Every structure is written in structure tokens, then in C-alpha cells.
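Welcome! Please take a moment to look over the model shown here before reading on.

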Amino acid sequence: MTELFSSWTLIRTSGFLGYYFLTLSLSLGLVQSLSKLNKKKAMLLSLHQKSSWYGLLTIIFHIILIWQDQFVPYSLDELFIPFHAENESLFSALGTLSFYLFFLVALSSDFFMKKLGFKKWKYIHFAVFPAWILMLIHGLAIGTDSSEPWALFIYSFSSLLMIVLLFIRITDNPAKPQRSSGKNLKC
């Protein structure tokens, strides 16, 4: 039972759970913007925002657990200053940078969107894509379970899901109603 709640198990679980919530948030963000789902937009937006904050809170828990871990200790500097960690400097930095980007997007969306204006907010919001890719690489490279078949399935499935949803979102081109030219075409 103690192994179930060991710091190593909790670090791994919180990492995957944060990955799940942030992948869910990104997926919901892509889906809620599709033209065929206009009637579900409010519900999808709410789930998108909630899953984003759940993901960030889970990652904060992940960071705290890593900081408190005795087996592979990280200082606060190593956790919050990219490329400063002694252990897996590059891949630790990718996790840190990913967290910062996700946090920036969540803050700008929930607290500063009106002040920024739609155009600036949208540019900032696009940071979720590199953030998600950095998170994926971080998990694959530094995760202790990354070579396990179930972990590879999670990473592969979520990557394929992101590619498909992004393709659908890019190609979603609803037919715009044409303006009447004022001429009556009835016979």
C-alpha cells in the first residue's frame, strides 16, 4: 500500500494526469470552435477552461512533489529556471517552459482577455500548441514510464488526436450566408 502512495508513484501519476487535463483542454478548445457545434459552444468552453485549470493545478502538485522528492532532488531554482537542473537539464527545461506557456495562456484568457483585446489574446492563445508539444517531449524523454506500452499508447493516441482535431479545425469552413443583392430572383 505504501508503494501506491510513494512520492515516485505520485510524481508519475500527477505528470500523466496533468498531461491528460491539458490535452483534454486543448482538444475541447479545438472542438468548441467548430461550426457544427455552435449550440454546444458554451458548455465546451466551460469544460475547456476548467480542464485547463485542473491541468495547471495538477502540474503545480507535480512540481511540489518533485521538489520534495529525496531520490532525485530538485531545488526551486532547478524547477523554475529553465536549463538550470542538473538532472536531464534539457528535458526538465522543456517541462518548465511548457508550464509557463500554459500558465500564460490561462492567465491571459481568464483575467486579461478584455485588456489585451481579441487579436493580442489570440496570438498568446496559440502558445498552447508549442506548450503541448514541449509537454509531450518532456513526458516522453524524462518520464520513467515512457517506454511502457500503455504510456506509448497514451502519447501516440493523444498526438494523433491533436493532429486530426487540428486538421479538422483548419479545414472547417462553414458556408457563409450570401448577402442578398437586393434583386428579387423569384419568377
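The report below goes from the overall fold to the surface, and then to a few residues.

## Overall fold

Please keep in mind that this is a predicted model. The chain contains eight helices and zero strands, so its elements, read from the N terminus, run α-α-α-α-α-α-α-α. The radius of gyration is 20 Å, well over the 16 Å that the globule rule gives for 187 residues, so the chain is more spread out than a compact globule.

You can also follow this along the principal axes, where the C-alpha trace spans about 85 × 40 × 30 Å. Among contacts with a separation of 6 or more, 63% are between residues 24 or more positions apart.

## Inside and surface

How much of the chain is buried? Of its 187 residues, 35% are buried. The chain exposes about 12,500 Å², and carbon and sulfur atoms supply 69% of that area.

Charges are worth a look too. The chain has 16 positive and 10 negative charges, and the mean positions of these two groups are 35 Å apart.

## Aromatic rings

A pair of aromatic rings is described by the distance of the centres and the angle of the planes. The structure holds 13 aromatic pairs. One of them joins Phe16 and Trp150: their ring centres are 5.1 Å apart and their planes make an angle of 50°, a tilted arrangement. Because Phe16 sits in helix 1 (residues 7-32) and Trp150 in helix 8 (residues 149-171), the pair ties together parts that are 134 residues apart in sequence.

Are these two partners buried or partly exposed? Phe16 counts as buried, with a relative accessibility of 17%, while Trp150 counts as partly exposed at 41%. Both belong to one aromatic cluster, formed by Phe16, Tyr19, Trp132, Trp150 and Tyr155.

## The loop between helix 3 and helix 4

Now turn to the backbone. Most residues other than glycine have a negative phi. Which residues in this loop have a positive phi without being glycine? Among them are Phe83, with phi near 70°, and Glu88, with phi of about 50°.

Phe83 is found in the loop between helix 3 (76-80) and helix 4 (89-110). Glu88 lies in the loop between helix 3 and helix 4 as well. Glu88 is also partly exposed, having a relative accessible area of 37%.

Technical notes:
Residues numbered from 1 in each chain as written. Predicted model: local features only at pLDDT ≥ 70, side-chain atom pairs only at ≥ 80, totals over all residues. Heavy atoms only, no water. Helix = DSSP H or I, 4+ residues; strand = E, 2+ residues; numbered from the N terminus. Rg over C-alpha atoms; globule rule 2.2 N^0.38 Å. Buried < 20%, exposed > 50% of the residue type's maximum accessible area, 1.4 Å probe, protein only. Contact = heavy atoms within 4.5 Å. Areas by Shrake-Rupley, 256 points an atom, 1.4 Å probe, with all protein chains shown as cover. Lys, Arg positive; Asp, Glu negative; His and termini not counted. Charge placed at Lys NZ, Arg CZ, Asp CG, Glu CD. Phe/Tyr/Trp six-rings, centres within 6.5 Å; stacked < 30°, edge-to-face > 60°.
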